[in-house]
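I opened my notebook to go through this structure piece by piece. Here is what I looked up, in the order I looked.

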Amino acid sequence: MRLLSAAFLFVIATAPALAAPPAGDPASALRVRADVEFLASDGLEGRDTGSKGYQIAADYVASQFRAIGLEPAGEKGGWFQQVPFRRASFDKSPVITLAVNGKRVALEQGKDASLRPSVTAKVRRLSAGLVFVGYGIKDARYRIDDYRGLDLKGKIAVVLTGAPKGLPTEIEAHINASKDRMAADAGAIGIIEVAVRPGRYDPVRRGGRPLIDWVDSSGRAGSTPQGLAVQVSVSEKIAALLFDGAQRSLVSVRSEVSDHARSGPRGFPLRTVLTVDAENKWEDFASPEVVGRLRGSDPALAGEHVVLMGHLDHLGMRTDAKPGEDAIYNGALDNAAGVATMLEAARQFVAQPARPMRSVLFIANTGEERGLLGADYYANHPTVPPQSIVGLVDLDMPLLLYPFTDVTAFGADHSTIGAMVADAARSMSVAVTPDPMPQEAIFTRSDHYMFVRRGVPAVLLMTGHGNGGKAFWDAYLGKTYHSPQDDLSQKIDWDAGARYAQLNYRIARAMADAPQRPMWLQGDYFGDLFDPRGPRAPAPTKGN
C-alpha cells in the first residue's frame with residue numbers, strides 16, 4: 001500500500017468493540033495461511049515489479065485461479081496482461097538555465113532544481129516563458145479557475161503547493177494530484193511547483209530520481225499528461241528568482257495566503273524564461289497483471305463485471321543492507337494477505353451452488369508500490385469492454401494481527417456500495433465505523449481509485465480500530481510498514497484472514513446479484529466528475 005503517513009499514528013479510535021469477534025472457518029484460515037506463506041516467502045525476494053520473484057508470484061496466482069475453477073481473462077486467452085513499463089533516468093546531468101533580467105543563471109540538478117526524467121521524450125531541448133497561476137486549480141464544482149484570463153499556450157505554469165482551505169480532504173487530495181493535468185489542459189508545456197510556505201519540505205531532493213511509468217503502444221504514459229514536456233521542482237532560492245522583475249514577488253504572493261482563504265492569489269505572467277537541455281536513458285520491461293473470471297449466470301447481466309483486486313507486488317530487496325541484515329521486503333500483510341484473501345473470496349464464489357448473476361473478475365495488480373501503475377494500465381486498457389465494469393472491491397493491506405470486530409469502508413459513502421457493505425458486515429456481526437483518518441484521504445490513494453477515475457464505483461475495506469485494533473495499527477505503521485519486518489515472523493491471525501475474505505466475498509456477491517448495478521449517489525463529487533451521465537441513487541438523509 002502506498003498511502004499512509006505518520007499522521008495515522010495519532011488518530012483517536014472511536015470504533016465500538018463487540019463482545020467477541022465472530023468465528024471464521026478453520027479450513028478457510030488454513031488456505032489463506034498457505035497462500036500468504038508462499039507469496040511472502042524469502043524465495044520471492046520481495047516481489048518487486050518486473051522481477052523474477054514477482055513473475056513467480058504471478059505464476060502462482062494464475063495456477064490458483066485455474067485450480068479454483070476460474071477462466072483466464074488476460075490477453076490472448078491467457079491469464080496475464082503484460083504491462084509495458086519504462087524506467088527513465090539521466091546518463092548525464094541535464095542542463096537547466098533560468099534567464100533573469102537578461103542574465104542566465106545555471107541551475108544545478110539536485111541542488112537548485114530537479115528535472116523529472118521523461119518516459120515519452122528521449123531528448124528535450126526547449127525554452128519557455130513562465131506564468132504564475134496561483135494554486136493551478138480548475139474545478140467547476142467549487143468554482144475555482146486559476147487559469148482564467150491567462151495565456152498558457154507554450155508556457156510553463158508556476159503553481160503553489162496545496163489548495164484553498166475548506167475543501168474536503170478527499171477532494172483536496174484529488175485536486176493536488178491533478179495539477180499537472182490541469183496545466184496541460186490549459187495549454188502549458190511544463191509545470192513548476194513552489195512551496196506555499198518556505199521550509200515546509202525540500203522539493204528538490206526527490207525530483208530527479210529515476211522514473212518508472214507505463215507507456216502503451218501509442219506512446220501514451222500513465223502519469224505524464226500529453227503535451228506536458230517539463231516537470232521541475234526548485235529550491236527556495238530559485239523559487240524567489242522565478243518572480244524577479246514581475247509585478248509581484250513570491251513574498252507578496254505568499255502573504256495573500258491564509259488559513260481561512262477560500263481562493264488563491266490571482267495569476268500573472270512572469271518575466272523569467274526556463275531553458276532545458278536533457279537526454280534520457282530508457283530501460284523497457286514488462287510485468288503482468290493476473291486476470292481470472294467467473295462467468296455470470298444471468299443472460300441479461302453476465303456481460304457486466306464486478307471486480308475484486310489486490311496488488312501482488314511489493315518493494316523487492318534492500319540495496320543498502322549490511323552483511324547479516326534482513327534485506328528482503330517480504331510484504332506479508334502488504335499485500336500478500338490481500339491477494340490471499342482475494343483468492344479465498346474466489347473460492348467462496350465457486351463453492352456456492354449458484355453462480356453469481358453478473359460475471360466477476362479477479363485481478364492481481366502489478367506496480368502498485370510504483371504509483372498504482374498496474375491498476376492504472378488495466379483501467380485504461382481493460383481486457384473486457386470498459387463499460388462492462390460496474391463495481392469494484394479492493395483488498396489492500398488487511399491488518400490480520402488481531403480479531404477485528406469492525407472495518408472502515410473507504411469510498412462507501414460515495415455510492416450504493418455503502419449499503420451493501422453495511423448489510424454484509426451486519427450479517428457477520430461486524431461493525432462499519434467512520435473513517436478514523438480523514439486527513440489521509442485513503443479513498444484517492446490505492447489501486448481502486450484508478451477505476452474510480454474511469455467512472456467505476458469502488459470501495460476499499462481496512463480492518464478497524466475496535467477490539468484493540470488501534471494499538472496494532474500504531475505498532476505496525478511505526479515499526480513494520482514498508483520494512484523487512486513485514487514478514488512471516490509476525491503473529492498473524494489466520495482466522496481474521498478467513499473472516500476478511502468472507503466479508504469481501506459477501507460485498508462482491510451483493511454487487512454481482514443486485515438487480516441494479518452500483519450507482520453513484522446524487523450530487524457526489526467523484527460521480528459527477530468521472531461519470532457525469534451515469535445513473536444516480538438518492539443520497540441517504542442524515543441519520544439514516
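Before anything else, a term: helices and strands here are DSSP runs, at least four residues for a helix and at least two for a strand, and they are numbered from the N terminus. I also wrote at the top of the page that this is a predicted model.

**Entry 1: odd backbone angles**

With those numbers I could place N467, which is in the loop between strand 19 and helix 11 (469-480). I checked its phi and got a positive value near 55°, in a residue other than glycine. I noted why that caught my eye: most residues other than glycine have a negative phi. N467 is partly exposed, at 29% relative accessibility.

I then looked up E45, which is not a glycine either and has a positive phi of about 50°. E45 sits in the loop between helix 1 (26-39) and helix 2 (52-68). Its relative accessible area is 44%, so I put it down as partly exposed. I added S429, which follows helix 9 and has a positive phi near 60°.

One more backbone item went on this page. Most peptide bonds are trans. The bond joining D334 and N335 is cis, with omega about 10°. N335 belongs to helix 7.

**Entry 2: helix 12**

How many residues does helix 12 have, and how far does it reach? I found 20 residues, 494-513, and 28 Å from the first C-alpha to the last, close to the 28 Å expected at 1.5 Å a residue. I looked at its N-terminal end and found D493 capping it, with a side-chain oxygen 3.1 Å from the backbone nitrogen of D495. Helix 12 is mostly covered, as 16 of its 20 residues are buried.

**Entry 3: helix 9**

Next I went to helix 9 (residues 417-427) and listed its buried residues: I417, G418, M420, V421, A424 and A425. Down the helix axis they fall within an arc of 160°, so the buried residues line one face of helix 9. What covers them? I noted strand 16 (389-394), strand 17 (406-410), strand 18 (431-432), strand 19 (458-463) and helix 12 among the elements that do.

I also looked up T416, in the loop between strand 17 and helix 9. Is T416 buried or exposed? Its relative accessible area is 19%, and buried means under 20%, so T416 counts as buried. Leaving out residues up to four places away in sequence, T416 touches P518, M519, L521 and A537. I also took the C-alpha distance from T416 to P540: 9.6 Å in space, with their positions 124 residues apart in sequence.

**Entry 4: rings**

I searched the whole structure for aromatic pairs and got 18. In one of them, the rings of F349 and Y505 have centres 4.7 Å apart and planes at 85°, so I wrote "edge-to-face" next to it. This pair links distant parts of the chain, since F349 is in helix 7 (residues 332-351) and Y505 in helix 12, 156 residues apart. F349 is buried at 1% relative accessible area, and Y505 is buried at 7%.

The pair of F443 and F526 is edge-to-face too, at 5.3 Å centre to centre and 70° between the planes. F443 lies in the loop between strand 18 and helix 10 (448-452) and F526 in helix 13 (residues 525-530), so the pair ties together parts 83 residues apart in sequence. Both F443 and F526 are buried. I then followed the ring pairs outward and got a cluster of Y142, F443, Y449, Y525, F526 and F530.

I checked for charges over rings as well. R499 has its charged end over the ring of F404, 4.2 Å from the centre. R86 lies over the face of W282, 3.9 Å from the ring centre.

**Entry 5: two side chains that reach a backbone oxygen**

T272 is in strand 13 (residues 268-294) and is buried, with a relative accessible area of 1%. A polar atom of its side chain lies 2.8 Å from the backbone oxygen of L242. Among the residues T272 touches are L98, V100, G129 and D244.

R181 is in helix 4 (residues 179-185) and counts as partly exposed at 28% relative accessibility. A polar atom of the R181 side chain lies 2.8 Å from the backbone oxygen of G222. R181 touches S223, P225 and R453 as well as G222.

Note on methods:
Residues are numbered from 1 along each chain as its sequence is written. This is a predicted model: local features need pLDDT of at least 70, side-chain atom pairs count only at pLDDT 80 or more; totals for chains, interfaces and linings use all residues. Side-chain values use heavy atoms; hydrogens and water are left out. The expected span of a helix is 1.5 Å times one less than its number of residues. Buried means under 20% relative accessible area, exposed over 50%, partly exposed in between (1.4 Å probe, protein chains only). A polar contact is a pair of N or O atoms within 3.5 Å; within protein, one must be able to donate a hydrogen and the other to accept it, and residues adjacent in sequence count only if both atoms are side-chain atoms. The arc is that of the directions from the helix axis to the C-beta atoms. Contact means heavy atoms within 4.5 Å. Rings of Phe, Tyr and Trp (its six-membered ring) pair if their centres lie within 6.5 Å; planes under 30 degrees apart count as stacked, over 60 as edge-to-face and the rest as tilted. A charge sits over a ring if NZ of Lys or CZ of Arg is within 6 Å of the ring centre and within 35 degrees of the ring normal.
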